[in-house]
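Opening the notebook on this one. I want to go through the strands, the ligand site and a few odd backbone spots, and jot down what I find.

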Amino acid sequence: MKIKKNMPLIDQHNKSGFWGGKFGGNFIPETLKKPVEDLEILFSKLRNNKSFIFERDNYFKNWVGSPTRFIKLENLTNHLRGAQIWSKVVSDANGGAHKIYNATVHCLIAKRAGKKYIVGDTGAGYAGKMLSMAAKKFGLKCKIFMGAKDIKRQGPNVRAMKKNLAEVVPVYTGSQTLVDAVSECMRYWVSNCDTTHMCVGSTVGPNIFVKICGWSTSQISRELCIQIKEEFGKIPKKLKLINCVGGGSSSFGFWNEFMHYDKKKVEFIGVEAGGPKKSKRHAAPLTYGSKIGVLHGAMQYVNQDKMGQIEETKSISAGLDYPGVSPLHCFLKDAKRARYTAATDEDALKAYQLVTKYENLNPSLEPSHAFAEAIKIAPKLSNDTIIIVNSCGDAKKDRDILRKKLGKKYENSN
Ligand SMILES: Cc1ncc(COP(=O)(O)O)c(C=O)c1O
């Protein structure tokens, strides 16, 4: 499997929508064929339309707050004594996470499509919070599907959605987490696609939703590329870009602009959720060699049992707690462009403690998985290696979990 250097990765699929001829596609019911086709046509026009790009860039700058900071984590670097550790603080973006880019673009598309209603899924609550914010901004009525387990563990984001007047629909089926929320959301869209636009919260789902999300979050690496050149004068010879991977939207967005560099120069490291140390359950299909199957309309590596049934996942981090992964990442794995590994719940908590001890940064449990990998490899690397971690979410939403696992001290640091 090979990546073309002169074409955006989101466009490197065949006519049937498969990346590498194998991942993605459109496994959708007959009733969705027309709405999906309409969306494909509209998006291909809008992404080449100057006024739409102007509108997007204007909202990214003046509402989302782009560019977000690119900072050196000097104290952490000095403590670990190895590679330099830097961070792209994407949690600076309006609402506290990268999900705002996808939500903003989807609302702009919905407006152009003349839709008055928008629906979305959420796990950690950030995709839902951001969609509720963008829907309010652009005058759309918003409904969010969220697993009942996630509603309990991500209280602050649920309150934010309600404050933004979104209807939060609890999902009680299956594991009551993100996978079930996405399924319910898609089911709802099947019966309401005439009036309603659907925003899939990550680079997952039928081909067009993967593309729109990847196109939106790529803003992160567009900014970072400029910031790196400003800081170092060029792209450093030994650069490692570390990002957590749930569905894969923040990591894809963090890497996209660097896709054409040789992996020896710019290495991509994706960190999945390894789950609790003593449990067999995890949310790391790329790391642990899960088989290929269909989930949410797309072919991908996905945790499944011998009969091909989707397996339940386990992770302290609601945003990573998903059995599948974007077809873009399956392609990157098979093309050997990115390396994937996993951090356990315990690793993520330890990383959170270390980062907050040394830096004024408050990464949520998702990027804490990425920090765990940075902390593991940095001491073994030379000082001219630049590690950049995408701190893609703020830990305010994790207040209750952090208090329970680490004590009151960490509640106050939020
Ligand atoms: C802060 C944060 N980071 C990461 C993720 C994982 O999703 P993705 O891999 O699509 O970035 C989520 C998902 O909810 C999230 O909220």
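Which residue in β6 is the bridge partner of D121? I looked it up, and the partner is F145. Note to self before going on: this is a predicted model.

**Entry: the β5 sheet**

I stayed with β5 and β6 for a while. The two strands run parallel, and 6 bridges join β5 (residues 117-122) to β6 (residues 141-147). Besides the D121 pair, I found G120 standing opposite I144 in β6.

Then I zoomed out to the whole sheet. I get 4 strands in the order β7-β6-β5-β8, an open sheet with parallel pairing. Its edge strands are β7 (167-171) and β8 (196-199), each of which pairs on one side only. On average, neighbouring strands here are turned by 20° against each other, direction ignored.

Is β5 enclosed or not enclosed by the rest of the structure, I wondered, and what do its residues say? I see 5 of its 6 residues buried, so β5 is largely enclosed by the rest of the structure. I also checked what lies across this sheet: helix α8 (residues 178-192) lies across β5, β6, β7 and β8, and runs at about 160° to β5.

**Entry: the β14 sheet**

Next I traced the other sheet. It is open and has 6 strands, in the order β3-β4-β14-β9-β10-β13, and the pairing is mixed. The edges are β3 (69-72) and β13 (338-344), with each pairing on one side only. I noted an average turn of 25° between neighbouring strands, direction ignored.

β14 got most of my time. On one side, β4 (residues 84-89) runs parallel to β14 (residues 386-390), and 5 bridges join the two. I picked out two of the pairs: Q84 is opposite I386, and W86 is opposite I388. With β9 (residues 239-244), β14 pairs in the parallel sense too, over 4 bridges. There I found L239 opposite I386, the residue that also faces Q84.

How many of the residues of β14 are buried? I count 5 of 5, so the strand is largely enclosed by the rest of the structure. I split it by face: I386, I388 and N390 are buried on one side, I387 and V389 on the other, so both faces are covered.

Last item on this sheet: helix α13 (residues 345-358) lies across β10 (266-275) and β13, and runs at about 90° to β13.

**Entry: the ligand**

I moved to the ligand and listed what is around it. The shell holds 22 residues, and the closest are G246, S250, G319, E366 and G393. By class I get 9 nonpolar, 11 polar and 2 charged residues.

Which helix gives the most to this shell? α11 does, with 3 residues. I also have α5 (126-138), α11 (249-255) and α14 (365-377) each supplying at least two. Both domains take part: domain 1 (34-39 + 97-214) and domain 2 (64-96 + 219-412) each give at least three residues to the shell.

**Entry: backbone oddities**

A reminder before this list: most residues other than glycine have a negative phi, and most peptide bonds are trans.

I found a cis peptide bond from S66 to P67, with omega near -5°. P67 is in the loop between α2 (50-64) and β3.

Then two positive phi values away from glycine. H296 has a phi of about 50° and lies in the loop between β11 (292-295) and β12 (298-301). K336 has a phi of about 60° and lies in the loop between α12 (327-334) and β13.

Buried or exposed, I asked for H296? H296 is buried, because 24 other C-beta atoms lie within 10 Å. For K336 I get 11 other C-beta atoms within 10 Å, so K336 is exposed.

**Entry: one distance**

I finished on L39, which is in helix α1 (residues 30-46). With 22 C-beta neighbours inside 10 Å, L39 counts as buried, the cut-off being 20 or more. I paired L39 with T195: the two are 156 residues apart in sequence, and C-alpha to C-alpha they are 13 Å apart in space.

Note on methods
Residues are numbered from 1 along each chain as its sequence is written. This is a predicted model: local features need pLDDT of at least 70, side-chain atom pairs count only at pLDDT 80 or more; totals for chains, interfaces and linings use all residues. A residue is near a molecule or strand if its C-beta atom, placed from the backbone, lies within 6 Å of it. Ala, Val, Leu, Ile, Met, Phe, Trp, Tyr, Cys and Pro count as nonpolar, Asp, Glu, Lys and Arg as charged, and the others, Gly among them, as polar. Domain bounds come from an automatic or database domain assignment. Two strands pair if DSSP finds at least two bridges between them. Axes are lines fitted to C-alpha atoms, for helices over the stretch in contact, and angles run from 0 to 180 degrees between N-to-C directions. Two residues are in contact if their C-beta atoms, placed from the backbone, lie within 7 Å. A residue is buried if 20 or more other C-beta atoms lie within 10 Å of its own, exposed if 12 or fewer, and partly exposed in between; C-beta atoms are placed from the backbone.
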